[in-house]
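Thanks for coming. I will go through one structure today, sheets first, then one helix, then the backbone outliers. Please have the sequence and the model open.

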Amino acid sequence: MRATMIHGPGDIRLETVPDPQLTDDTDAIVRVVAACVCGSDLWPYRDATTGANGPQQIGHEFVGVVEQVGSSVEGVAVGDFVIAPFLYSDNTCTLCAKGVQSSCVNGGGYTGCQCELVRVPFADGTLVTVPGPVDEALVPHLLTLSDVFPTGHHAAVSARVGEGSTVVVVGDGAVGLSGVLAAKRLGASTVIAMSRHAARQEIARSFGADHVVEERGRDGARAVKEILGGIGADSVLECVGTKEAMKQAFQSLRPGGTVGYVGIPHGVELNMPVMFATNSGLAGGVAPVRSYLSELLPDVLDGSVRPGRVFDAHLALDDVAEAYRAMDERRATKVLLRP
Ligand SMILES: [Zn+2]
């Protein structure tokens, strides 16, 4: 099959590799219908300290059609259209039962998915079947359910967004934009998106952002407080992972509020004395996507949310190197790939 390999920073190649095989009787082999590039894929793409261990497959967000199942798989069948959460999980262990499938004792990540075929361990516990036939126009929206939309939702849930919440979203990547949509879906009364990028501001507004703040740092926090009557937000979604973004999140939070973070932390520092003095909460981490799908899928199927708008570029898998370049250079927010 054709598969995307990362050889080192900035070096993405589509190569031919052996087809994956069923290795355990709980596996499924899924033929990828659509995959995409994640903001987190850009870390090894940009950073010489990762991806330096020789060429390896990359990618973790995909939807597809089940092509083979192991002998003990019962919940999914050949021909099913499935959503693959970006981590696999057995969905039966004690931690899965607690809703943290991202920490499943038998869980893990795929070999890669920006390719044609993926071996999915624990198919019954991992894959979620979409009732067919699946409308082609729905595919981008379904694809967001493998990571980006549930991750934005996780930021909002972690930040305790509820009916009437005031919310600031730090980060205008696909996750931040998804956080805007998720916050509105959970009943936020006011959502402020922090963005300087015209095209992304437009997506944020289409997802329900009431305000856009372009300023950063103290000026950004001041602009937030002007909108919110002098105090910070009840909830801040930190969807970047940098030191500056986390600082921005706490500067934009009201005392007693909560930051929900889903950006992979890189050099983040916390000011615990200030957090203590202001009763500021912090929660979040790797989104347990599998636990959210039963809640989010129906809203995608009935069209009440259209999270696939984050894909502002669609490319063939053959053009995967260009997909990475476009996202790296911020010419695209998120690229959908078709094998
Ligand atoms: Zn588990």
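Strands β1, residues 2-8, and β2, residues 11-16, pair in the antiparallel sense, and six bridges hold that pairing. Keep in mind that this is a predicted model. If you want one bridge to look at, take G8, whose partner in β2 is D11. The hairpin of β1 and β2 has two residues between the strands, and G10 takes a positive phi there, near 70°.

β1 has another partner. Strand β4, residues 56-57, runs antiparallel to β1 and is joined to it by two bridges. One to find on screen is M5, with Q57 as its bridge partner in β4.

Put together, this gives an open sheet of three strands, ordered β2-β1-β4, with antiparallel pairing. β2 and β4 are the edge strands, each pairing on one side only. Helix α12, residues 320-328, packs on this sheet and touches β1 and β2. The direction of α12 makes about 160° with that of β2.

Now the other sheet. What is the strand order in the open sheet of six strands? Reading across, the order is β13-β12-β11-β14-β15-β16, and the pairing is parallel. At the edges are β13, residues 211-213, and β16, residues 281-284, and each of these pairs on one side only. From one strand to the next, the twist averages 20°.

Within that sheet, look at β11, residues 166-170, and β14, residues 233-238. These two pair in the parallel sense over four bridges. V170 is a convenient marker, since its bridge partner in β14 is E238.

Next, helix α6, which covers residues 174-185. α6 has 12 residues, and from its first C-alpha to its last it reaches 16 Å, close to the 16 Å expected at 1.5 Å a residue. Why do I call α6 largely enclosed by the rest of the structure? Because 12 of its 12 residues are buried. That list includes K184 and R185, as well as G176 and G179. What do the buried residues of α6 pack against? From the sheet we just discussed, they pack against β11, β12 and β14. On the helical side, the partners are α5 (148-158), α7 (198-206) and α11 (289-301). After α6 comes G187, with a positive phi near 105°.

That leaves the backbone outliers. As background, most residues other than glycine have a negative phi, and most peptide bonds are trans.

The peptide bond between G132 and P133 is cis, with omega at about -5°. P133 sits in the loop between β10 (128-130) and α4 (139-143).

Then there are two non-glycine residues to check. R160 has a positive phi of about 60° and is not a glycine. Its place is the loop between α5 and β11. R160 has 16 C-beta neighbours inside 10 Å, so it counts as partly exposed.

N279 is not a glycine either, and its phi is positive, about 50°. N279 lies in the loop between α10 (272-277) and β16. Is N279 buried or exposed? With 11 C-beta neighbours inside 10 Å, N279 counts as exposed, because the cut-off for that class is 12 or fewer.

That is what I have on this model.

Key
Residues numbered from 1 in each chain as written. Predicted model: local features only at pLDDT ≥ 70, side-chain atom pairs only at ≥ 80, totals over all residues. Pairing = 2+ DSSP bridges. Axes fitted to C-alpha atoms, helices over the stretch in contact; angles between N-to-C directions. Expected span 1.5 Å × (residues − 1). Buried ≥ 20, exposed ≤ 12 C-beta atoms within 10 Å, placed from the backbone. Contact = placed C-beta atoms within 7 Å.
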